[in-house]
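Got your viewer open and a selection box ready? Load the model below and follow along, one stop at a time.

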Amino acid sequence: MITQMQVKGLMFDPYNNAYIVILRDEDQADMLPIWVGKSEASSISLALESVDPPRPMTHDFMKAYLDAVNAKVISVVITDLSENTYFAKIHLTYEDSEYTVDSRPSDAIALALRSEAPIFANESVIRKQTSEELDQWLENLKPEDFGKLDS
Amino acid sequence: MMPDETPQPTEPLIELTVNRVVEDPNTDTRILVLSRTDGTPEHFMIWVGAAEGESIRRALDTSVTPRPMSHDLVRSFGEHLGVITERVVITDVKSSTYFATVYLENKGVTRTVDARPSDAIGLALRCHAPIYVTPDVWKRRTGQNLDAWLNKLETKNIGAQEV
């Protein structure tokens, strides 16, 4: 089973000096935080805020590459979690065939946002993630923590 | 992508290789040092972001990263779809910003994609595609007299690492 997720926000994790992308399902029942690097976070932030940078960023280039050959991103799926690393798959259509490409979740999300493609998560990943400790920690976060990246 | 392409210049393109990636500790950027394949002992430097610079450094090391980097993902798209990265060309420079074009080949059809040189080169290295610069951009490059400065910076970097 897979669940469709929305990108709810992006926040800085000062403990790990990294960024967290918060995915939530449509009922706001399940949450999936994904830790990403600085440049990936910045790329996701630009897409969330619909900023058109003067020069194409790496994921804009990625999208332009696929557009140039008429390949289309149909969906991305966060598929697995193993040793604190998430795995994702990008589903593409190209000349009437479907292709599945392995990816880091950060690249998959950054590309999905630019392609207006839905983001899904395997239920097993969401289950593994919902440890009470983490939920509590995230609930205690203030709205201000979900601010813009360039603050 | 380039409907009003001007006629090809009569001067041939200059082929480049990535000589090395140098850390610029003052700005958290990386300096891409490119050399000519014809042996002309002059360099061409491009400042790129830290992430893009590290991606290029990893491609040079041919070290396998546990998870695919962004440029590995683009290469992977090409492998799945049968799209070949034929070559990349640094085509223009405006206000110290360099512009590049990636040439993709698929079933005999060539398509071009606009890119930053860092993405173009990050992909070219992974696809073993040649990297070129137009003679015009080569003439207008920055860093013509920066070799001494660069050597000093690298010596400083080595010193800093030893501390």
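Start by selecting chain B and switching on its surface: the accessible area comes to about 8,400 Å², and 52% of that belongs to carbon and sulfur atoms. Keep in mind that you're looking at a predicted model. Of the 163 residues in chain B, 47% are buried.

Now swap the surface for a cartoon. Chain B shows five helices and seven strands. Walking from the N terminus, you'll pass β-β-β-α-α-β-β-β-α-β-α-α. If you like contact maps, here's one number for this chain: among contacts between residues at least 6 apart in sequence, 54% join residues at least 24 apart.

**Next stop: the rings**

How many aromatic pairs are there over all chains? The count comes to five. Hop over to chain A and select Y94(A) and Y99(A), a tilted pair with 6.2 Å from centre to centre and 55° between the planes. Y94(A) is buried, at 1% relative accessibility, while Y99(A) is partly exposed, with a relative accessible area of 22%.

Then go back to chain B and pick F44(B) and W138(B). Their ring centres are 6.1 Å apart and the planes meet at 75°, so this pair is edge-to-face; the cut-off for that label is over 60 degrees. F44(B) sits in strand β3 (residues 43-49) and W138(B) in helix α4 (residues 135-139), so the pair ties together parts of chain B that are 94 residues apart in sequence. Buried or exposed, these two? Both F44(B) and W138(B) are buried. Add Y98(B) to the selection and you have one aromatic cluster of F44(B), Y98(B) and W138(B).

Keep W138(B) on screen and bring up R141(B), which lies over the face of W138(B) at 3.9 Å from the ring centre. For another charge over a ring, select K94(B) and F99(B): the charged end of K94(B) sits over the ring of F99(B), 5.0 Å from its centre.

**Next stop: T142(B)**

Move to T142(B), in the loop between α4 and α5 (147-162) of chain B. T142(B) has a relative accessible area of 36%, so it's partly exposed: that class runs between the 20% and 50% cut-offs. Which residues does T142(B) touch, leaving aside neighbours within four places in sequence? The contacts are M45(B) and Y98(B). Draw a distance between the C-alpha atoms of T142(B) and M45(B) and you should get 6.7 Å, though the two are 97 residues apart along the chain.

**Next stop: S75(A)**

Over in chain A, zoom in on S75(A) in strand β4 (residues 72-82). With a relative accessibility of 12%, S75(A) counts as buried. Not counting residues up to four places away in sequence, S75(A) touches K89(A), I90(A), H91(A), A117(A), P118(A) and F120(A).

**Last stop: the largest pocket**

Finish with the largest pocket, which holds about 1,100 Å³ of space. To centre your view, select S39(A), G49(B), A50(B), A51(B) and E52(B), the closest to the pocket's centre of the 42 residues that line it. Colour by element next: α1 (38-48) and α2 (58-68) of chain A give two or more residues to the lining, as do β3, α1 (50-61), α2 (70-81), β5 (97-106) and α3 (117-127) of chain B. Which element gives the most to the lining of the largest pocket? That's α1(A), with seven residues.

Key. Residues numbered from 1 in each chain as written. Chains lettered and ligands numbered in written order. Predicted model: local features only at pLDDT ≥ 70, side-chain atom pairs only at ≥ 80, totals over all residues. Heavy atoms only, no water. Helix = DSSP H or I, 4+ residues; strand = E, 2+ residues; numbered from the N terminus. Buried < 20%, exposed > 50% of the residue type's maximum accessible area, 1.4 Å probe, protein only. Contact = heavy atoms within 4.5 Å. Areas by Shrake-Rupley, 256 points an atom, 1.4 Å probe, with all protein chains shown as cover. Phe/Tyr/Trp six-rings, centres within 6.5 Å; stacked < 30°, edge-to-face > 60°. Lys NZ or Arg CZ within 6 Å of the ring centre and 35° of its normal. 1 Å grid on protein atoms, 1.4 Å probe; cavity = no way out; pocket = protein on both sides within 12 Å on 5 of 7 lines; lining within 4 Å. Points joined across faces, edges and corners; volume = space filled by probe spheres on them.
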